[in-house]
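Hi,

Here is the structure I said I would pass along. Have a look at it first, and then read on for what turned up.

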Amino acid sequence: GEGIGGEEPLLLGLGQARRREARRENKQMLAACTKGDAESAAVILHNHLVKTANLITAQMNGEHVFLLR
């Protein structure tokens, strides 16, 4: 669903650069899935979730607890 101003709700708290990066990651995940490349899709998804989790923990003054692959 769409949030305020047409933005996805989960993207609202992110900076513009991260929103662009997240959209690019979503396109990469879709492309990998369409090609049947589950391994690449899994790595892209993992890194996408790690970046988001680390951003949220940073906003809460926490430390990054997840590592990129």
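**What turned up**

Leaving aside residues up to four places away in sequence, His48 touches Arg18, Ala22, Glu25, Asn26 and Met29. Keep in mind that this is a predicted model. His48 itself is found in helix H2, which covers residues 38-59. With a relative accessible area of 12%, His48 counts as buried, because the cut-off for that is under 20%.

Two of the residues that His48 touches, Arg18 and Glu25, turn up again in the charged pairs. As a reminder, side chains of opposite charge can pair when their charged atoms come close. The count for this model comes to four salt bridges, and here are three that hang together.

- Glu21 with Arg18: the closest N and O atoms are 3.0 Å apart. These two sit three residues apart in helix H1 (residues 16-34), so about one helical turn separates them. Glu21 is partly exposed at 25% relative accessibility, whereas Arg18 is buried at 11%.
- Arg18 with Glu25: here too there is a salt bridge, with 3.0 Å between the closest N and O atoms. Glu25 is buried, at 5% relative accessibility.
- Lys51 with Glu25: their side chains meet in a salt bridge at 2.8 Å, N to O. This pair links distant parts of the chain, since Lys51 belongs to helix H2 and Glu25 to helix H1, 26 residues apart. Lys51 counts as partly exposed, at 25% relative accessibility.

Put together, Arg18, Glu21, Glu25 and Lys51 are linked in a network of salt bridges. If you want to trace it on screen, you could start at Glu21, go to Arg18, carry on to Glu25 and finish at Lys51. Within that network, Arg18 is buried and so is Glu25, while Glu21 is partly exposed and Lys51 is partly exposed as well.

Now for the protein as a whole. Its secondary structure comes to two helices and zero strands. The protein has 69 residues, and 20% of them count as buried. It exposes about 5200 Å², with carbon and sulfur atoms supplying 59% of that area. If you take the contacts between residues at least 6 apart in sequence, 20% of them join residues at least 24 apart.

When you open the model, I would go to His48 in helix H2 and then look across to Arg18 and Glu25, which are among the residues it touches.

Cheers

How values were computed: Residues numbered from 1 in each chain as written. Predicted model: local features only at pLDDT ≥ 70, side-chain atom pairs only at ≥ 80, totals over all residues. Heavy atoms only, no water. Helix = DSSP H or I, 4+ residues; strand = E, 2+ residues; numbered from the N terminus. Buried < 20%, exposed > 50% of the residue type's maximum accessible area, 1.4 Å probe, protein only. Contact = heavy atoms within 4.5 Å. Areas by Shrake-Rupley, 256 points an atom, 1.4 Å probe, with all protein chains shown as cover.
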